[in-house]
Amino acid sequence: MRKIDGRSLNHEALEQLRRGAVERVMRGEKARTVVTSLGFYRTSIYKWLRIHRRQGAEGLRSRTAKGPTPRLREEQRQRVKCWIIGRDPRQCGFDPGLWTRNFVAQMVEYSFGVSLTLPSIAGLLASLGFKPRKTPRWAKERCGRAIRQWKATTYPELRKRAKERGAEIYFLDEVEVRCGSPLGRSYGFEGRTPAIKTFRPGEWTSVIRVVNARGAFRYHVCGGRLTAARFLVSLKKLVTGRKKPLILVIDELPVDKTRTVANYVQSTRGRLELHFLPPYAPDLHPDEFVWDHLQHGRTRNEQFRRGEPFQECAGKTMRSTAVCQKPVRGF
């Protein structure tokens with residue numbers, strides 16, 4: 001008869017087998033007969049009987065193994081937790097400011113004189129509730145108070161006033177479209193890395209794009225570097241033929257605050273309003289997420305013909321967004 005390896009069974013099943021085997025022996029059956037009928041090795045049941053005589057039925061219960069003794073005390077573990085929550089690695093003289101397993105291992109060895117392996121460090125961080133996360137990059141000039149005020153007060157009031165006036169809120173942004181996707185993967189023979197020559201690397205143009213919460217998308221290819229005159233042309237295209245008032249939420253670009261643009265906004269007599277986002281807060285602008293989605297998805301693999309004018313190439317890239325209303329609403 002094939003013997004059963006107890007390690008292949010779960011703890012609850014093993015506990016029931018141990019209790020049942022000891023009860024059968026206590027009722028008068030021979031230990032060898034009981035263990036043979038269960039398929040275990042002969043010596044296993046004598047160990048169970050010995051535990052039952054010393055500790056009773058309680059000794060046959062399944063218990064979680066304690067494992068090796070931790071090399072860090074609880075107070076030391078809490079100190080590691082305070083390092084990550086309240087400090088930055090750059091405050092300790094390290095650069096860049098990322099908490100990695102290597103850096104935590106160095107800090108533990110320097111502070112406590114205990115050398116831990118990287119898997120041990122990973123288990124330590126997991127037991128403290130830490131998991132690896134992708135860190136965003138924020139500028140030092142970013143003002144958290146202004147951002148909180150925009151989320152809690154400014155934008156809700158803007159939406160309320162737009163609803164009362166019957167106006168539409170659009171988010172406007174300016175991006176640079178370059179012809180030719182970044183280098184990625186290309187097919188080639190095994191052992192031969194294909195070399196790609198860049199395609200018109202110097203050609204680019206500015207594009208004005210606006211999105212709203214319903215997924216609507218408008219764009220205007222400026223045909224070069226964005227200036228106040230070109231920005232004014234884009235604004236006129238947005239306002240012309242529109243029945244409802246338009247509220248534009250934009251970043252603080254230099255061309256947005258020129259006297260020419262301000263005079264034109266005043267001449268619309270309330271049909272057009274400009275409101276500025278807090279500085280260095282790209283996470284408040286949904287068009288940033290739309291453009292990131294396009295760069296890593298649709299436009300990255302966009303193909304252009306060599307003789308095609310560059311502005312038409314940029315327009316082709318922007319037209320690919322027209323079918324993305326559902327993702328735009330999500331952003």
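Buried means a relative accessible area under 20%, exposed means over 50%, and partly exposed is what sits in between. Keep that handy for the exercises below, and remember that this is a predicted model. Its mean pLDDT is 77, with 75% of the residues at 70 or more.

**Exercise 1. Decide whether E15 is buried or exposed, and find what it touches.**

Solution.
- Step 1: Start with the location. E15 is found in helix 1.
- Step 2: Check the area. E15 has a relative accessible area of 16%, and the cut-off for buried is under 20%. So E15 counts as buried.
- Step 3: Look for its contacts. Leaving out residues up to four places away in sequence, E15 touches L60, R61 and S62.

**Exercise 2. Check the length of helix 1, then work out how its buried residues are arranged.**

Solution.
- Step 1: Helix 1 covers residues 11–26, which makes 16 residues. At 1.5 Å a residue it should span 22 Å, and its end C-alpha atoms are 23 Å apart, so the two agree.
- Step 2: Pick out the buried residues of helix 1: L14, E15, R18, A21, V22 and V25.
- Step 3: Look around the axis. These residues cover an arc of only 135°, so they sit on the same side of helix 1.
- Step 4: Turn to the other side of helix 1, where E12 and Q16 are exposed.
- Step 5: Ask what the buried residues pack against. For helix 1, the partners are helix 2 (31–38) and helix 3 (42–55).
- Step 6: Keep going along the chain. Just after helix 1, G28 takes a positive phi of about 120°.

**Exercise 3. Do the same for helix 9: which residues are buried, and where do they lie around the axis?**

Solution.
- Step 1: In helix 9 (residues 259–267), the buried residues are V261, Y264 and V265.
- Step 2: Viewed down the axis of helix 9, they fall within an arc of 100°, so they line one face.
- Step 3: On the face turned away from that buried side you'll find the exposed residues R259 and Q266.
- Step 4: The buried residues of helix 9 pack against helix 8 (228–239) and strand 5 (272–276).
- Step 5: Just past the end of helix 9, R269 has a positive phi of about 55°.

**Exercise 4. Describe the salt bridge of E15, then look at some others.**

Solution.
- Step 1: A bit of background: side chains of opposite charge can pair when their charged atoms come close.
- Step 2: The count here comes to 7 salt bridges.
- Step 3: One of them joins E15 to R19, with the closest N and O atoms 3.2 Å apart. The cut-off is 4 Å, so the pair qualifies.
- Step 4: E15 and R19 are 4 residues apart in helix 1, so about one helical turn separates them.
- Step 5: Compare the accessibilities. E15 is buried at 16%, whereas R19 is partly exposed at 24%.
- Step 6: Try another bridge, E58 with R61, where the closest N and O atoms are 2.9 Å apart. E58 is partly exposed at 43%, and R61 is partly exposed at 42%.
- Step 7: R77 and E74 also form a bridge, at 3.3 Å between the closest N and O atoms. Both lie in helix 4 (residues 74–86), 3 residues apart, about one turn of the helix.
- Step 8: Finish with a network: salt bridges that share partners join R161, R165 and E273.

**Exercise 5. Classify the ring pair of W99 and F103, then do the same for Y155 and F171.**

Solution.
- Step 1: The structure holds 5 aromatic pairs.
- Step 2: The ring centres of W99 and F103 are 4.9 Å apart and the planes meet at 50°, so this pair is tilted.
- Step 3: W99 is partly exposed at 25% relative accessible area, while F103 is buried at 6%.
- Step 4: Y155 and F171 form a tilted pair too, 6.0 Å centre to centre with 50° between the planes.
- Step 5: This pair links distant parts of the chain: Y155 is in helix 7 (residues 144–165) and F171 in strand 1 (residues 168–178), 16 residues apart.
- Step 6: Y155 is partly exposed at 22%, and F171 is buried at 8%.
- Step 7: Add W150, and you have one aromatic cluster of W150, Y155 and F171.

Key. Residues are numbered from 1 along each chain as its sequence is written. This is a predicted model: local features need pLDDT of at least 70, side-chain atom pairs count only at pLDDT 80 or more; totals for chains, interfaces and linings use all residues. Side-chain values use heavy atoms; hydrogens and water are left out. pLDDT is the predictor's confidence in each residue, from 0 to 100. Helices (H or I, at least four residues) and strands (E, at least two) are DSSP runs, numbered from the N terminus. The expected span of a helix is 1.5 Å times one less than its number of residues. Buried means under 20% relative accessible area, exposed over 50%, partly exposed in between (1.4 Å probe, protein chains only). The arc is that of the directions from the helix axis to the C-beta atoms. Contact means heavy atoms within 4.5 Å. Rings of Phe, Tyr and Trp (its six-membered ring) pair if their centres lie within 6.5 Å; planes under 30 degrees apart count as stacked, over 60 as edge-to-face and the rest as tilted. A salt bridge is a side-chain nitrogen of Lys or Arg within 4 Å of a carboxyl oxygen of Asp or Glu.
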